[in-house]
Amino acid sequence: GDILDDYSRTDGVWILTRNKQFYETNNEKECAVKCEAERNFTCRAFLFTRKKLQCLTLAENAKMTVTFASTDTVLYEKIIYLMQCKRGIGTDYRGTEAKTQRGIPCQKWAEKIPHKPNYTPEKHPNAGLEENYCRNPDADENGPWCYTTDPAMRFDYCAIPECEDQCMQCNGEDYRGEVSRTESGLECQHWDVQEPHMHGFILKHYPEKDLKMNYCRNPDGELRPWCFTTNPNKRWEYCNIPRCTTPPPVSGLDSQCLSGRGEDYRGRIAITESGNACQHWNTQFPHKHGWIPDRYPCKGLEENYCRNPDGEKKPWCYTTNSNIRWEYCTIPPCDRTEQGIADQFLLFAADVPGQAPLTEECYQGKGQSYRGTTSVTVSGKKCQAWSSMFPHRHIKTPEKFPDADLRDNYCRNPDGDSSPWCFTTDPNTIWEYCNLKRCDDHAQE
């Protein structure tokens with residue numbers, strides 16, 4: 001495989017580190033080679049600047065130090081140093097667990113008190129014997145271990161969880177394993193090619209979906225991971241990924257209020273922002289839909305409570321009004337006081353805010369009438385202000401299109417394109433469509 005497959009990439013980030021080495025290279029792959037060959041320290045990551053073609057190998061990654069924005073920079077971090085779990089017996093475990101399964105702090109590998117070690121950084125330079133982190137330099141079948149700081153106990157094993165990248169939680173949207181055949185045995189098509197099947201699932205448009213190689217993934221919230229196949233007669237097929245034996249992570253305490261887009265909201269509000277009661281998720285009346293609780297076990301589709309199973313702007317539900325398929329819900333934000341949240345909840349129960357103006361989070365037709373405040377593109381880039389000429393010069397100005405409402409950097413459609421769009425603040429991307437859906441796009445039949 002590609003040498004960069006062993007790294008996690010983050011655009012526009014710089015990290016502050018003392019231990020680094022500068023190199024002149026032509027591309028990221030050459031910089032990765034420098035990182036692999038680094039002898040001045042353990043190279044956990046590297047920075048590459050596109051304009052200067054400059055390569056910096058680093059002893060630290062983003063988990064260990066401060067990060068800040070830097071437009072022209074790409075950060076590559078070795079995945080092995082980001083993992084806090086073990087594969088197999090954990091000989092390649094490089095996490096930072098430093099206490100035993102009994103909670104006893106580990107002795108540093110380079111120290112000789114209270115125990116004189118047989119395994120030292122000098123004798124085993126490739127075993128990752130740094131600080132007092134749990135490691136498995138002797139390929140012990142019981143997994144990573146360490147010498148302990150208890151004089152009465154020479155060594156003990158560490159409680160390192162198994163990596164579950166070969167199984168899936170929920171619908172497998174976080175699956176990052178390397179299965180690359182479908183359930184019927186067909187080989188998967190690489191995500192970065194358009195043959196034999198053309199598609200829109202391109203890595204740059206879905207950077208957080210890990211569309212690497214031809215591995216099975218679930219970038220669109222399907223029932224489970226899938227892929228396009230190399231068979232011209234079979235466009236796509238599900239992959240046979242086993243379910244993980246450990247339970248999925250439990251939602252946080254703040255899930256009774258709105259945090260971010262509210263995908264982890266598990267409160268009991270069941271009325272839309274215009275006062276319509278919500279339809280139960282396990283019923284198909286008055287509206288037929290595909291969000292069936294049994295198919296999506298981790299989306300919290302209980303009763304008729306407002307939820308956000310598809311990454312919308314905020315929680316929503318199908319309504320019991322046969323003329324209105326779905327609407328957003330008004331959820332109190334998490335940054336209010338508990339009393340404020342309680343008061344807001346009582347207000348929802350007592351009043352029907354029929355006269356309240358609806359926030360536009362979707363568009364009708366081609367979106368030429370869209371007047372909402374979304375200012376992010378489909379790939380997550382920030383929009384450039386319409387009145388600005390930086391980083392992109394253009395003629396779509398508020399003066400030349402006075403009826404298009406080209407305010408601030410809000411997504412608009414002044415030229416009759418297929419949907420709202422904007423110029424981006426990324427110097428390498430002139431424009432993109434915006435992260436908006438049509439107002440009738442909630443059906444997932």
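**Sheet, salt bridges and disulfides in a predicted model**

Strands β3 and β4 form a hairpin with 4 residues between them, and Leu53, located in the turn, has a positive phi of about 50°. The structure described here is a predicted model. Within the hairpin, β3 (45–49) and β4 (residues 54–58) run antiparallel and are joined by 5 bridges. Ala45 is placed opposite Leu58 of β4.

The hairpin belongs to an open sheet of 5 strands with antiparallel pairing, in the order β1-β5-β3-β4-β2. The edges of the sheet are taken by β1 (7–15) and β2 (20–24); each has a single partner strand, so one side of each is left without a neighbour in the sheet. From one strand to the next, the twist averages 25°. On one side of the hairpin, β4 is paired with β2 in the antiparallel sense through 5 bridges, and Phe22 stands opposite Leu56 in β4. Strand β3 is in turn paired with β5 (67–78), again antiparallel and over 5 bridges. In that pairing Thr49 faces Thr73 of β5.

Strand β3 is largely enclosed by the rest of the structure, because 5 of its 5 residues are buried. Ala45, Leu47 and Thr49 point one way from the strand, whereas Phe46 and Phe48 point the other way. Helix α1 (residues 28–37) lies across β1, β2, β3, β4 and β5, and runs at about 150° to β3.

The loop between α1 and β3 contains Arg44, whose side chain meets that of Glu130 in a salt bridge with an N to O distance of 2.0 Å. Glu130 lies in the loop between β5 and β6 (145–147), and the pair links distant parts of the chain, 86 residues apart. Both Arg44 and Glu130 are buried.

The count of salt bridges in the model comes to 19. A further one is formed by Asp310 and Lys437, with the closest N and O atoms 3.4 Å apart. Asp310 is in the loop between β9 (236–238) and β10 (316–318), and Lys437 is in strand β15 (residues 437–438), so this pair ties together parts that are 127 residues apart in sequence. Lys437 counts as partly exposed, at 29% relative accessibility. The side chains of Arg412 and Asp405 also meet in a salt bridge (2.8 Å, N to O); Arg412 is buried, with a relative accessible area of 0%. In addition, a network of salt bridges links Arg176, Asp210, Lys212 and Arg217.

A search of the whole structure finds 12 disulfides. One of them is formed by Cys35 and Cys43, with sulfur atoms 2.0 Å apart. The torsion about its S-S bond is about -110°, so this disulfide is left-handed. Cys35 is buried at 2% relative accessibility, and Cys43 is buried at 4%.

Cys170 is joined to Cys298 by a disulfide with an S to S distance of 1.8 Å. This link is left-handed, with -90° about the S-S bond. Cys170 lies in the loop between β7 (155–157) and β8 (226–228), and Cys298 in the loop between β9 and β10, so the disulfide ties together parts that are 128 residues apart in sequence. Cys298 counts as partly exposed, at 25% relative accessibility.

A disulfide is also formed by Cys383 and Cys422, whose sulfur atoms are 2.1 Å apart. Its S-S torsion is about -75°, so the disulfide is left-handed. Cys383 is in the loop between β12 (362–363) and β13 (421–423), and Cys422 is in strand β13, so the pair ties together parts that are 39 residues apart in sequence. Both cysteines, Cys383 and Cys422, are buried.

Confidence varies along the model. The protein chain averages a pLDDT of 84, and 89% of the residues score at least 70. Among the elements of the chain, β6 has the highest mean pLDDT (96), and helix α2 (residues 338–350) has the lowest (39). Over residues 336–359 the pLDDT is below 50, and this stretch has 20 contacts in the model beyond near neighbours in sequence. The pLDDT also stays under 50 over residues 250–254, for which the model has 5 contacts beyond four places in sequence.

Methods: Residues numbered from 1 in each chain as written. Predicted model: local features only at pLDDT ≥ 70, side-chain atom pairs only at ≥ 80, totals over all residues. Heavy atoms only, no water. Pairing = 2+ DSSP bridges. Helix = DSSP H or I, 4+ residues; strand = E, 2+ residues; numbered from the N terminus. Axes fitted to C-alpha atoms, helices over the stretch in contact; angles between N-to-C directions. Contact = heavy atoms within 4.5 Å. Salt bridge = Lys/Arg side-chain N within 4 Å of Asp/Glu carboxyl O. Buried < 20%, exposed > 50% of the residue type's maximum accessible area, 1.4 Å probe, protein only. pLDDT = per-residue confidence, 0-100. Disulfide = S-S within 2.5 Å.
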